[in-house]
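Please read these notes with the model open beside you. They go through a few residues, a bound molecule and one sheet.

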Amino acid sequence: MPEIIEPFRIKSVEPIRFTTREDRERILRDAKYNPFLIDADDVLIDLLTDSGTSAMSAAQWGAIMTGDESYAGSRSFRRFEAKIQEIFGFKHVIPTHQGRAAEKILMAIAGGSGKIIPNNNHFDTTRANVEFTGAEALDLVIEEGKDPDHLHPFKGNLDLEKLKTLLSRSRDQIPLGMVTVTNNTGGGQPVSMANIKAIAETLHANGKPFIIDSCRFAENAWFIKQREDGYQDKTPLEIAQEMFSHADGATMSLKKDGFGNIGGFLALNDDALAEQARNILILTEGFPTYGGLAGRDLEALAQGLDEVLDPHYLEYRVATVRYLANKLIETGVKIVQPPGGHAVYIDAKRFYSQIPAEQFPAQVFVNELYVAGGIRGVEIGSVMFGRCIDGVEHPADRELVRLALPRRVYTQAHVNYVADVIAEMFGRRDEATGLRITKQAPFLRHFTAELSPL
Ligand code: F0G
């Protein structure tokens with residue numbers, strides 16, 4: 001088989017800025033050992049997130065010029081709505097400026113104290129929007145999904161027995177059920193069609209609506225095509241259509257599989273719920289035919305949704321992540337297996353086994369990665385999820401580093417460079433020492449925390 005190649009050629013480029021190791025040591029020190037506080041101009045390869053960082057196509061940039069900026073009844077909204085209805089099949093399409101705005105509206109309608117919202121794993125913003133209303137965000141991912149070495153093909157699946165038990169015990173407290181495709185919090189892991197169907201049947205048997213957090217739906221569809229019996233000959237579009245045919249609605253961040261730099265939506269079948277959602281939309285986002293977006297954004301996103309389902313793109317996308325993962329595995333680096341659709345998750349606890357969780361090994365990794373190669377990743381460990389109670393650090397159960405690949409942005413040589421830098425870090429891993437937090441905010445401390453080397 002010939003090599004899988006980038007399925008595009010490059011028409012417009014953006015220079016990246018090289019710095020020296022001495023520069024980066026100073027920049028990191030000035031940023032208080034927190035890469036979130038580094039200016040993007042000082043980063044060579046930015047793998048902080050795959051959200052809003054995609055390269056748009058020539059066709060998307062062209063579509064931008066055709067945007068209709070009318071306040072009401074914009075032609076661009078009609079195109080956006082029609083594309084979403086084609087793929088997702090829901091009756092009502094409610095545009096929002098990004099995914100969390102859709103979550104906020106949904107939870108304003110469905111949440112509230114005493115309520116419980118099950119999901120495989122809630123993403124941080126979903127959890128925060130559930131908890132903000134006083135409801136409980138419950139994670140029901142299968143046990144295999146929690147084991148970083150387990151090679152289950154659909155590690156994002158939701159545990160049906162746990163869902164059934166929950167429904168039989170607390171039926172009246174559950175306004176709706178969710179599943180996240182792919183499961184970002186669990187490592188970008190896919191959910192099978194069989195699982196989606198079974199979740200839907202279980203919820204519907206109890207009269208509960210089923211909502212899919214669909215940020216990376218195209219990557220999920222591709223994994224189903226590769227790994228689930230009966231889908232090899234179906235197109236990603238057909239698979240996506242089938243996935244959503246089981247659900248009653250979706251939340252979406254189009255900053256992921258919409259190839260957008262901004263955008264999202266809430267889609268629903270139920271007329272009464274949609275009316276409530278639109279009333280909140282008008283209050284917080286805008287008129288229902290633009291939500292939080294400009295007409296030109298709606299055009300670019302409609303075009304992006306078409307492109308993201310291209311089998312050549314999806315094959316290249318998933319192959320890129322697997323390629324980076326395999327290079328790291330060859331070096332001896334432990335990662336969450338199998339690699340997911342948008343990112344590689346490195347196990348920093350096993351990389352820096354000499355550094356205890358209280359000294360933030362995953363933060364040490366992101367800092368070393370920056371100093372060694374100008375590469376930015378994100379810590380998903382005790383800085384993000386640990387808690388400081390009465391001056392004592394209570395670490396998280398995992399110390400991961402996510403290297404998320406922006407869509408269509410970096411080439412294979414960039415990926416080789418990332419793998420080379422990590423191989424060099426691996427050779428010197430015994431020399432690394434821990435960190436302590438010197439300043440932190442009471443919530444979401446990872447964004448602004450200040451640290452210093454021990
Ligand atoms: N759901 C999932 C699964 C996500 O990964 C995200 C965002 C959201 C919802 C919220 O969407 O950012 O448009 O408001 N994830 C980004 C990330 C931020 O880096 O993984 P948003």
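1. Start with Pro 453. Leaving aside residues up to four places away in sequence, Pro 453 touches Tyr 33, Gly 434 and Leu 435, where contact means heavy atoms within 4.5 Å. Pro 453 belongs to strand β16, residues 450-453. Its relative accessible area is 40%, so Pro 453 ranks as partly exposed; buried means under 20%, exposed over 50% and partly exposed in between, with a 1.4 Å probe and protein chains only. Between the C-alpha atoms of Pro 453 and Asn 34 there are 11 Å, although 419 residues separate the two along the chain.

2. On the source: this is a predicted model, in which local features need pLDDT of at least 70 and side-chain atom pairs count only at pLDDT 80 or more, while totals for chains, interfaces and linings use all residues. Residues are numbered from 1 along each chain as its sequence is written, and side-chain values use heavy atoms, with hydrogens and water left out.

3. Asn 119 is in strand β3, residues 116-119. Strands (E, at least two residues) and helices (H or I, at least four) are DSSP runs, numbered from the N terminus. Asn 119 counts as buried because its relative accessibility is 0%. Its side chain makes a polar contact with that of Thr 180, at 2.9 Å; such a contact is a pair of N or O atoms within 3.5 Å, and within protein one must be able to donate a hydrogen and the other to accept it, with residues adjacent in sequence counting only if both atoms are side-chain atoms. Among the residues that Asn 119 touches are Leu 138, Asp 139 and Met 178.

4. Which residues are closest to the ligand? They are Thr 49, Arg 100, Ser 253, Lys 256 and Arg 402, out of 17 that surround the ligand, each having a heavy atom within 4 Å of it. An oxygen atom of the ligand lies 2.7 Å from a side-chain N or O atom of Ser 253, and a nitrogen atom of the ligand is 3.0 Å from a polar side-chain atom of Lys 256. The protein buries 93% of the 470 Å² that the ligand exposes when taken alone; these areas come from the Shrake-Rupley method with a 1.4 Å probe.

5. An open sheet of 3 strands runs in the order β9-β14-β11 with antiparallel pairing; two strands pair if DSSP finds at least two bridges between them. β9 (343-347) and β11 (378-380) are the edge strands, each with a single partner, so one side of each has no neighbour in the sheet. β9 is joined to β14 (residues 400-404) by 5 bridges, and Ala 343 has Ala 404 as its bridge partner in β14.
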